[in-house]
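Colleague: Mind walking me through this one? I'd like to start with the sheets and then poke around in the hollows.

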Amino acid sequence: MMSKFDRRLIFIGIFLIMCGFNMQKDQITLYSIGDSTMSKANTADNYPGRGWMQMVDQFFDGSINIVNQGASGRSSKSYRSEGLWNKVINRVKEGDYVFIQFGHNDSKEDTLRHTDPQTTFKENIRNYVNEVRAKKANPILLTSIVRRNFDKSGKLVDTHGEYVTVVRDLAREMNVPLIDLNKKTAELVENLGPEESKKLYMYVEPGVTAKLPKGKKDDTHLCEAGALKVAELATQGLKEIKSPLAKYLVK
């Protein structure tokens with residue numbers, strides 16, 4: 001027959017389990033939606049590419065969930081039309097955060113991805129923001145990181161045009177926190193210059209990875225060091241906009 005002491009132990013155990021469940025249920029989650037510059041790269045076979053959101057975890061203290069849902073090749077249009085957004089927004093709960101970063105692939109000419117910056121792109125970003133807010137969660141807009149695109153005089157040349165300015169304008173119009181990664185990465189790349197800035201991107205020698213037997217020179221996608229630096233810039237941005245997320249950063 002079970003003693004009062006044994007029953008008390010069982011009650012305490014159930015109570016602790018329920019508390020743990022509720023803590024996990026109530027834990028804040030930071031989601032990210034966007035393209036390959038933030039998504040999780042497959043690092044098998046010594047592949048050196050990384051998305052910057054892939055490196056963000058190490059800047060946080062471990063007390064929030066971080067769910068990187070960036071997807072390679074997607075635009076603000078195709079991310080929704082392929083059903084990727086539904087998988088995210090259906091999981092978002094009150095108090096969560098969503099990083100929103102599009103623009104790299106919206107200028108592509110194919111009909112699956114192309115958007116016009118002042119019409120369809122703007123509307124897509126507006127819809128993402130409104131749908132996050134409808135869940136009583138917190139959208140944070142981010143501008144696209146720069147491509148390493150220097151002219152002959154060594155000056156960095158913009159490749160994103162209005163896709164960046166639209167995000168900035170919407171942030172002001174809708175009162176959405178903005179981390180201007182385009183500005184931050186432009187300053188970083190310009191300060192490093194044409195040669196040193198290669199160390200941020202996918203400049204891979206032949207034979208380094210079976211995935212790129214001939215090597216690669218890629219001025220869009222980041223290597224591990226570059227992704228780590230951009231992740232650092234993004235988390236610095238959280239402090240600058242005084243986001244409540246900043247309190248979860250490693251001091």
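**Sheets, helices and hollows**

Colleague: Over how many bridges do strand 4 and strand 5 pair?

Modeller: First, this is a predicted model: local features need pLDDT of at least 70, side-chain atom pairs count only at pLDDT 80 or more, and totals for chains, interfaces and linings use all residues. Residues are numbered from 1 along each chain as its sequence is written, and side-chain values use heavy atoms, with hydrogens and water left out. Strands (E, at least two residues) and helices (H or I, at least four) are DSSP runs numbered from the N terminus, and two strands pair if DSSP finds at least two bridges between them. Strand 4 (residues 97-101) and strand 5 (residues 138-142) pair in the parallel sense, with I100 opposite L141 in strand 5, and the number of bridges is four.

Colleague: Which strands stand at the edges of that open sheet of five?

Modeller: Read across the sheet, the order is 3-1-4-5-6, with parallel pairing. Each edge strand has a single partner, so one side of it is left without a neighbour in the sheet. The edge strands are strand 3 (65-68) and strand 6 (178-179).

Colleague: What angle does helix 4 make with strand 5?

Modeller: Helix 4 (residues 117-134) packs on the sheet, touching strand 1 (29-34), strand 4 and strand 5; contact here means heavy atoms within 4.5 Å. Axes are lines fitted to C-alpha atoms, for helices over the stretch in contact, and angles run from 0 to 180 degrees between N-to-C directions. Helix 5 (residues 162-174) lies across strand 5 and strand 6, at about 145° to strand 5. For helix 4 and strand 5, the angle is about 155°.

Colleague: In the open sheet of three strands, is the pairing parallel or antiparallel?

Modeller: The order there is 2-8-7. Strand 2 (49-50) and strand 7 (201-204) are at the edges with a single partner strand each, so one side of each has no neighbour in the sheet. Two bridges join strand 2 to strand 8, and strand 7 pairs with strand 8 (residues 216-223) over four bridges. The pairing is antiparallel.

Colleague: And which residue in strand 8 is the bridge partner of V204?

Modeller: Let's go along strand 8. R50 has L222 as its bridge partner, and M202 has D218. For V204, the partner is K216.

Colleague: Now the hollows. Which strand gives the most to the lining of the largest pocket?

Modeller: A 1 Å grid is laid over the protein atoms alone: a cavity is a set of points where a 1.4 Å probe fits but cannot get out, a pocket is an open set with protein on both sides within 12 Å along at least five of seven lines, and lining residues have an atom within 4 Å of a point. Grid points are joined across faces, edges and corners, and a volume is the space filled by probe spheres set on the points. The largest pocket has about 190 Å³; of its 16 lining residues, S36, S39, A41, Y47 and H221 are the closest to its centre. Strand 2 and strand 8 each supply at least two lining residues, and the top contributor, with four, is strand 8.

Colleague: Which helix gives the most to the lining of the largest cavity?

Modeller: There are two cavities of 30 Å³ or more, and about 40 Å³ of space lies in the largest. Its lining includes T185, L188, G226 and V230. Helix 6 (181-196) and helix 7 (224-240) are the elements giving two or more residues to it. With three residues, the one giving the most is helix 6.

Colleague: What is the mean pLDDT of the chain?

Modeller: pLDDT is the predictor's confidence in each residue, from 0 to 100, and 90% of the residues reach 70 or more. Over residues 19-24 the pLDDT is below 50, and this stretch has zero contacts in the model beyond near neighbours in sequence. The chain mean is 93.
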